[in-house]
There are 2 protein chains.
Amino acid sequence: MGAVPDPLPAPDVTLADLGEFGLIDRVARIVREVAPGEDVLVGPGDDAAVLRVRKGHVVVSTDLMVEGRHFRKDWADAVDVGHRAAAQNLSDINAMGGRATWLTVGFAAPPTLPARWALDFVRGFAEECAEVGAGVVGGDVTSSEKIAIAVTVIGSCAVSPVLRSGAQAGDVVALRGRQGWAAGGLAVLGRGFRSPRVLVDAYRRPQPPYDAGAVAAEAGATAMIDVSDGLLADAAHVARASGVGIDITSATLEVPDPLVAVASATGADPLSFVLGGGDDHALLATFPAGSGLPDDWLRIGAVTEPGPHGPAVTVDGSPYDGSVGWTHF
Amino acid sequence: MGAVPDPLPAPDVTLADLGEFGLIDRVARIVREVAPGEDVLVGPGDDAAVLRVRKGHVVVSTDLMVEGRHFRKDWADAVDVGHRAAAQNLSDINAMGGRATWLTVGFAAPPTLPARWALDFVRGFAEECAEVGAGVVGGDVTSSEKIAIAVTVIGSCAVSPVLRSGAQAGDVVALRGRQGWAAGGLAVLGRGFRSPRVLVDAYRRPQPPYDAGAVAAEAGATAMIDVSDGLLADAAHVARASGVGIDITSATLEVPDPLVAVASATGADPLSFVLGGGDDHALLATFPAGSGLPDDWLRIGAVTEPGPHGPAVTVDGSPYDGSVGWTHF
């Protein structure tokens, strides 16, 4: 690694000033400082990281975030963007019933970006990973017109991974974690406001229920997904993968007061944030009827036979006519 | 996965027409067709891929390619870009002495991109992976102004991974694979020409010596790297990581006739392509003096004590004054 670099350059130092390898050295130092990671024999800096694995199942997921589409520098600071990027990926492993262990980060940015933004991002990212005991083991940096962040997360499962495809008619549909809060925060930010602060913070730094995925897997969850596209949109992923219908009972959904306030101010249905919002990374799972739900899971609906038009999601027995989350093109 | 999609939409079908999930379905189908991958219990389509691992060392590497910087759509077709993107990553595992097994691909592109470009890219990518028996197990798609491709590759090592940091004074420096050809092709394309075809093809579809990394590891290589930034630049990575000097003997380097022709036409030193070029993904390794080199490795220099200014690379005993490869900012 050569001489130990100063991890925090002055605010006016750009990526171009720091250079690719100056950036890499500092990133590696932050990552080691925050959490070296378990079973990491070689971390960032070589052609590849070297990891010790035990015989078993490894789960892998990858995500790409693009500035302007997935985040805006004026809506969240770099540390928050780091937390969000990590949370989004850690949540995918949570949704398999697994435990995240190692992550890689690809970072593309304009040469004029202040280097501190990149390093603050890395720190937030590594801190979020450390919350579940995972470490950053590799990465890549390159230049681009807009910031793009590519994350791959690797984890392991103590029991069989819970897929999207295992839901069966008669199962209970349950939710764990805040849902709709981040969408409310995003709506607020999109209108140039900064409050209710609790919603803005929920958008900036999601709090996925990291402990809940493995617990649900052990409790016999038949299907599971993290709510990233939207509650109804992600329920539809489960419905399609499992070949079932899913009916959500709207009265069971929690609509917190701040969401009611935002909905009132923006002329929206508060329930639309809960049904359509996605960035909280709650877990949606199905459990066999009659088996109790693990702690803090909320029963919100039921798995049904597929409808006349195939697998679909309904709300209170009918198709929902509001927004059901986003797609990427 | 629902109904089986037609994998090849008409040329005028864009990503926006196909939609995120239409694209994902087709990508998953191509990936399964080309090579399902070994020990893949769940491939693309769930929150994470599920992979069976044996106890041992796993190696992981990640790379980010951005349109206009790492590739141009008018310099290589989508299938070739796919081959290149995969080769670049497979080569990192090769450089550890490992065998690549699984890859993930993040793909960001404008909604107006013809969907066939994306699918051709995936096909080329998966085909290149299949050459070493590796499979694509996951991915993500999103929209962006320019195409960005994020790849993570996971592999395993039968023997201890060969790091950059193990070179010792007295070791032999050796090269395996074509070197400088892709840089020659790039120079030709950058001037609007398409020949010598052998160089252009070398740029469009590199031929890394995939079999050579594991062989070198078994033969006792003390350090190894793939030449992606440039021969001297990557030798400098080894020198720094190992705390040694590296001296390259220029007369040992092969300068093929087409490179001589291109250098003559462009007024360049043909050796500059070999010393500065990087996209061929040759392997550069060090071996203990006195131990024979594995087949097809070319002895090109020696590891020395670090010079008065620390670890550095010299050519014929002196600092090289030409281009030594690229950095990313």
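This short presentation covers the annotated binding site, the nonpolar cores and the interface between the two chains.

Good morning, colleagues. Please keep in mind throughout that this is a predicted model.

I begin with the binding site. The UniProt record, an unreviewed entry, places the annotation "binding site" on Gly139(A), Asp140(A), Arg164(A) and Ser228(A). I shall describe two of these residues.

Gly139(A) lies in strand 5 of chain A, a strand that spans residues 135-143. Is Gly139(A) buried or exposed? Its relative accessible area is 45%, and because buried requires a value under 20% and exposed a value over 50%, Gly139(A) is classed as partly exposed. Leaving out residues up to four places away in sequence, Gly139(A) touches Val105(A) and also Thr62(B).

Ser228(A), by contrast, is situated in a loop of chain A, between strand 8 (223-226) and helix 8 (231-242). With a relative accessibility of 25%, Ser228(A) is likewise partly exposed. Which residues does Ser228(A) touch, not counting those up to four places away in sequence? They are Asp234(A), Gly278(A), Asp279(A) and His281(A).

I turn now to the interior. The largest nonpolar core has 45 residues, and those that touch the most other members are Leu90(B), Phe107(B), Trp117(B), Phe121(B), Phe125(B) and Ile149(B). Several elements of chain B give two or more residues to this core, among them helix 2 (20-34), helix 3 (78-94), strand 4 (99-109) and strand 6 (148-157). Which element gives the most? Helix 4 of chain B does, with nine residues.

Phe125(B) may serve as an example. Apart from neighbours within four places in sequence, Phe125(B) is in contact with residues including His83(B), Ala86(B), Leu103(B), Val136(B) and Val151(B). There is also a second, separate core, which has 43 residues and includes Leu23(A), Ala87(A), Ala100(A) and Ala126(A).

Finally, I come to the interface. How many residues of chain B are in contact with chain A? The count is 68, and they meet 68 residues of chain A. The area buried between the two chains is about 5,300 Å², with carbon and sulfur atoms giving 62% of that area.

Two salt bridges are counted between chain B and chain A. The side chains of Glu145(A) and Lys146(B) form a salt bridge, at 3.0 Å from N to O. Across the interface, 10 residue pairs are in polar contact, with both residues at pLDDT 80 or more. On the side of chain B that touches chain A, strand 3 of chain B supplies the largest share, 10 residues.

Thank you for your attention.

Conventions
Residues are numbered from 1 along each chain as its sequence is written. Chains are lettered from A and ligands numbered from 1 in the order in which they are written. This is a predicted model: local features need pLDDT of at least 70, side-chain atom pairs count only at pLDDT 80 or more; totals for chains, interfaces and linings use all residues. Side-chain values use heavy atoms; hydrogens and water are left out. UniProt positions are given in the numbering used here, feature names are shortened, and annotations may be inferred rather than shown by experiment. Helices (H or I, at least four residues) and strands (E, at least two) are DSSP runs, numbered from the N terminus. Buried means under 20% relative accessible area, exposed over 50%, partly exposed in between (1.4 Å probe, protein chains only). Contact means heavy atoms within 4.5 Å. A nonpolar core is a set of buried Ala, Val, Leu, Ile, Met, Phe, Trp, Tyr and Cys residues joined through side-chain atoms within 4.5 Å. Buried area is the accessible area (1.4 Å probe) that two parts lose on being put together, summed over both. A salt bridge is a side-chain nitrogen of Lys or Arg within 4 Å of a carboxyl oxygen of Asp or Glu. A polar contact is a pair of N or O atoms within 3.5 Å; within protein, one must be able to donate a hydrogen and the other to accept it, and residues adjacent in sequence count only if both atoms are side-chain atoms.
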